[in-house]
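Here is a guided look at one protein chain, written for someone meeting it for the first time. Keep the picture open while you read.

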Amino acid sequence: MTRVMRKFMAPNYFNRTDGGAVYVYLNRGNSFAEQYDQRLTGRLESRFGTAIANCGDLNHDGLDDVAIGAPYESSGTGCVYIHFGTKDGALSPEPVQTINPGELFTSRWRTFGSSLAGGHDLDGNSYPDLIVGSYGSDRVTALFARPIINIRTYEEQQPTEPTSIDPTRIGCTNDPTANVTCFTFNACSAVDDASLNDGDVMADSTLQLRCNIHAETFFNERKFSRVYFGTGTVSTGSNETETPVPRTNVLKRRFRLPVNGKPVCHKVTAYLKEGTRDIQNPIQFRISYTLDEDREQGRGGGGRARSQNQRDLIRLEPILNRTAAERTFTMPFQKDCGADGFCRSALSIQSAAFVGLARGSGAGGEYQLVVGLDRTLTLALTIQNKADSAYETHLYVVHDSSLTYAGSKGSSICGAHNATVVDCSIGNPLKRNGEVQLSLRFDARSLEEYGYSMGFSQTVGLSVFVNTTSQDTGSKTRTALNLHIQRVAKLSISGKALPEQVFYGGGDAQVMGESAIHSLDEIGMSIYNDGPWRAPNVRLEIDWPLQVANNKRQGKWLLYLDEVPMLDMSGIMGEGRVPCEVLPKNEPDGAVVPGSNGKLVNPLGLPGRLGSSPARSLTRSNYTHMRAPRLRRDRAMVLRPQTSDGAVQMDCASQTAKCVRIVCNIHDLGPKAHALVTITARLWNATLVGDYARVDMVRIGSSARFTVEGLDELEDQSQQPTSLTVRTEAFPEMGPPIVAMNVPWWIILLAAIAGFLVLIAVTYILYRCGFFRRQRHTGDDPTLSGNLERRRDPAGGAYDELNDTNGSGGGTAERKPFLGRRS
């Protein structure tokens with residue numbers, strides 16, 4: 001039963017992209033369905049479907065083919081499309097040939113394809129031809145169909161080669177010395193038996209063909225091929241030539257194919273490129289054959305007899321059936337996957353933790369990172385796969401820009417994808433029940449610089465996730481870690497007075513002259529930062545006992561500020577000496593009243609330290625001015641000694657002194673650096689002599705404390721207090737009071753002369769008493785060294801006991817001629 005196909009044309013159909021349509025309805029029994037089975041559309045404003053014609057069986061496949069005209073395509077030039085019939089009754093969805101008059105004729109055509117007629121064999125070659133009309137050009141042309149040769153194309157696997165690619169295997173049977181994975185297949189072709197009965201084809205015994213073997217990039221789905229070809233050989237035939245190109249994915253060959261149906265095969269060896277990551281998707285190959293344009297023209301006669309008119313027409317060369325001359329096939333990889341060939345993995349991040357960092361309570365607790373102490377972070381990761389092999393498995397770590405990737409440890413290959421992403425290839429494939437452990441190192445020293453910014457965040461986040469080209473069914477493929485940034489510094493304060501103990505003149509006498517002021521060298525307050533991070537802003541406050549507290553508006557001077565306190569910085573950005581501020585400090589019993597010039601530092605205008613002679617002379621001249629207000633305050637309140645040790649306490653905390661506040665601002669105190677505040681002052685001796693001459697000791701204290709801004713925590717604050725008190729102990733001198741006297745020079749001269757006369761008189765008296773007379777000994781004393789005589793008679797004279805040194809009478813000492821008895 002013949003299937004009827006009805007075609008309806010709609011050349012005026014249009015939308016945004018199409019212009020004209022042809023609807024195909026297939027006969028189902030004795031009727032057509034209301035819904036069309038196929039719709040073909042043309043280009044915009046082409047009026048596709050204005051003419052349609054049954055061309056007959058152009059490719060000799062037993063199915064009728066159709067020509068469709070689009071006369072207004074290409075701005076009215078026109079075009080004709082050829083669609084082959086298919087076995088399911090419809091037409092090929094895409095045209096197998098497009099006939100454009102501009103490619104066939106030199107003259108200009110208008111409305112080409114406005115009328116069509118087909119199914120007529122005009123040249124007698126057993127193929128129907130097509131007649132095309134063009135009313136716009138007032139022309140009709142006949143297009144002859146070329147003979148079509150059907151060939152069979154197929155591929156064969158080598159018997160010794162596996163049917164799939166093993167990427168872990170190096171070399172292959174055809175090239176065992178290769179250092180990469182390779183595989184071999186045969187690309188075969190043969191003339192179809194149905195084409196052997198066509199007259200023109202039988203005229204030649206062989207066909208000159210070109211063979212192109214293309215790997216992967218032919219559909220533009222891939223920019224680069226994963227394989228390249230090596231040189232191969234043809235299994236049959238002696239006239240085979242080849243043009244191999246080293247390391248290319250396109251192989252071209254010329255060969256002769258017998259028309260008797262005997263196949264010709266080419267052995268092709270493909271090499272997998274080193275470092276190929278995609279070993280899951282199969283590799284696609286496309287084999288295509290075309291007739292060689294340089295084929296021999298001389299042919300013998302044969303075929304079906306033609307009429308005189310047909311013999312007058314040009315004999316057309318045959319062409320290959322394109323649908324049969326091309327073949328696409330794939331070579332799969334060996335995979336540990338399901339029976340359907342799809343890999344369904346189950347990746348899981350088993351653990352992700354920072355090594356050596358403390359973590360807060362709870363499963364999602366933040367890790368504590370101390371700036372300056374934890375300069376290198378180590379992220380330990382464990383990834384498992386509990387299902388099919390996971391191909392091209394990658395682990396990614398997205399981190400903050402304040403962290404810098406420094407390297408990895410493990411079998412995985414890691415690298416910085418960009419400034420904030422680390423990419424690690426952890427398996428290709430990561431096999432079933434496989435596990436990967438790796439460690440990533442990050443440099444956190446940049447956080448020390450980021451800590452200065454005002455918008456510094458105390459939390460830094462990292463995101464870890466894994467993916468694969470397989471169909472992953474894992475539920476734990478992502479995790480996040482948070483770092484809580486702690487800016488911690490260990491600060492300590494220390495102080496010392498030089499000297500720590502001083503003495504002041506005591507007694508009941510009136511204090512005069514330079515003894516009114518006693519020199520006190522300096523008091524130093526030091527703040528040391530033991531790290532690990534810098535202290536951005538430190539404020540040091542020193543309560544300084546400037547005057548003794550009493551019930552008057554202004555107290556007596558105690559520690560008189562001689563100079564503005566200075567801050568010496570070491571190991572701090574912008575080292576140097578910086579003055580501190582001296583501010584009034586309100587007390588419950590009143591405030592320190594500045595001098596007449598409104599200054600708290602050296603209000604009396606003393607020109608320097610007391611060690612210089614100008615200071616002495618000026619002090620004497622100004623003594624009356626300094627003493628006058630002091631006489632008016634003699635009746636002021638006097639502090640009483642403590643009952644425990646008899647000492648008088650003078651400091652700001654106990655409100656026994658009127659104080660000023662010295663404020664020093666320290667910026668960016670770096671680790672292992674210190675800041676020293678030096679205070680130069682004078683102990684006012686007159687105050688202590690006048691009011692506290694009979695006490696055991698006066699203890700003067702100055703207190704200091706500091707506060708820090710820009711830190712999250714002060715380390716060991718309980719063991720390193722933020723305040724201290726520096727004390728100076730003053731003791732009264734024993735004995736009468738110090739009185740300054742000016743002795744005339746003549747008194748000093750008379751005293752010296754009198755002393756000299758007394759010395760002469762004493763010396764004369766001693767002389768007259770015989771104190772200087774000595775008693776001399778006579779020469780009869782034998783014990784004197786001068787009378788000792790060592791002698792012996794040379795002729796054996798009398799025995800001399802003085803000559804016998806050992807009492808044995810055997811002395812042999814000879815007489816010394818220079819030893820004689822003194823007369």
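Is Asp388 buried or exposed? With a relative accessible area of 10%, Asp388 is buried, because anything under 20% falls in that class. Keep in mind that this is a predicted model, and we'll come back to Asp388 when we get to its partner.

## The big picture

Let's start with the whole chain. The protein chain has 823 residues, and 44% of them count as buried. You'll find 9 helices and 51 strands in it.

Now for how the chain meets itself. Take the contacts with a separation of 6 or more: residues 24 or more positions apart account for 71% of them. On the outside, the accessible surface comes to about 44700 Å², and carbon and sulfur atoms own 50% of that.

## Charged pairs

Side chains of opposite charge can pair when their charged atoms come close. A search of the whole structure turns up 24 salt bridges. One of them joins Arg254 and Asp292, with 2.9 Å between the closest N and O atoms. Arg254 sits in strand 18 and Asp292 in the loop between strand 20 and helix 3, so to speak two distant parts of the chain, 38 residues apart. Arg254 counts as partly exposed because its relative accessibility is 32%, while Asp292 is buried at 3%.

Back to Asp388. Its side chain meets that of Arg432 in a salt bridge, 2.6 Å from N to O. Arg432 lies in the loop between strand 31 and strand 32, and Asp388 in the loop between strand 27 and strand 28, so this pair ties together parts that are 44 residues apart in sequence. Arg432 counts as partly exposed, at 36% relative accessibility. Elsewhere, Arg539, Glu541, Asp543, Arg661 and Arg705 are joined into one network by salt bridges that share partners.

Arg277 and Glu392 make another salt bridge, at 3.9 Å from N to O. Here the two ends are 115 residues apart: Arg277 is in the loop between strand 19 and strand 20, and Glu392 is in the loop between strand 27 and strand 28. Arg277 is partly exposed at 45%, whereas Glu392 is buried at 15%.

## Sulfur links

How many disulfides does a search of the whole structure find? It finds 6. Cys337 and Cys343 form one of them, with sulfur atoms 1.5 Å apart. That link is right-handed, with 55 degrees about the S-S bond, and both of its cysteines are buried.

Next, a disulfide joins Cys414 to Cys424, 2.1 Å from S to S. The torsion about its S-S bond is about 115 degrees, so this disulfide is right-handed. Cys414 is in strand 30 and Cys424 in strand 31, 10 residues apart. Cys424 counts as buried, at 0% relative accessibility. For a left-handed link, look at Cys652 and Cys659, which has -110 degrees about the S-S bond. Their sulfur atoms are 1.8 Å apart, and Cys652 and Cys659 are buried.

Number the bonded cysteines in sequence order and the pairing reads 1-2, 3-4, 5-6, 7-8, 9-12, 10-11. Cys211 is in no disulfide; the nearest cysteine sulfur belongs to Cys188, 10.0 Å away. Cys211 is buried, with a relative accessible area of 1%.

## Helix 9 and its greasy patch

Helix 9 has 24 residues and reaches 36 Å from first C-alpha to last, close to the expected 34 Å. After helix 9 comes Gly770, with a positive phi near 80 degrees. Phe756 lies in helix 9 and counts as exposed, because its relative accessibility is 53%.

Phe756 also belongs to a nonpolar surface patch of about 1300 Å², whose members include Trp745, Trp746, Leu757 and Ile760.

## Two serines in loops

Ser412 lies in the loop between strand 29 and strand 30. Ser412 is buried, with a relative accessible area of 9%. Leaving aside residues up to four places away in sequence, Ser412 touches Ser425, Ile426, Val436 and Leu438.

Ser114 is in the loop between helix 2 and strand 9, and it counts as buried at 15%. With the same kind of sequence neighbors left out, up to four places away, Ser114 touches residues including Thr50, Pro71 and Tyr135.

Conventions: Residues are numbered from 1 along each chain as its sequence is written. This is a predicted model: local features need pLDDT of at least 70, side-chain atom pairs count only at pLDDT 80 or more; totals for chains, interfaces and linings use all residues. Side-chain values use heavy atoms; hydrogens and water are left out. Patches are made of residues with over 30% relative accessible area and no salt bridge: like charges are joined within 9 Å, nonpolar side chains (Val, Leu, Ile, Met, Phe, Trp, Tyr) within 5 Å. Accessible areas come from the Shrake-Rupley method with a 1.4 Å probe; for residues, only the protein chains shown count as cover. A salt bridge is a side-chain nitrogen of Lys or Arg within 4 Å of a carboxyl oxygen of Asp or Glu. Helices (H or I, at least four residues) and strands (E, at least two) are DSSP runs, numbered from the N terminus. Buried means under 20% relative accessible area, exposed over 50%, partly exposed in between (1.4 Å probe, protein chains only). A disulfide is a pair of cysteine sulfur atoms within 2.5 Å. Contact means heavy atoms within 4.5 Å. The expected span of a helix is 1.5 Å times one less than its number of residues.
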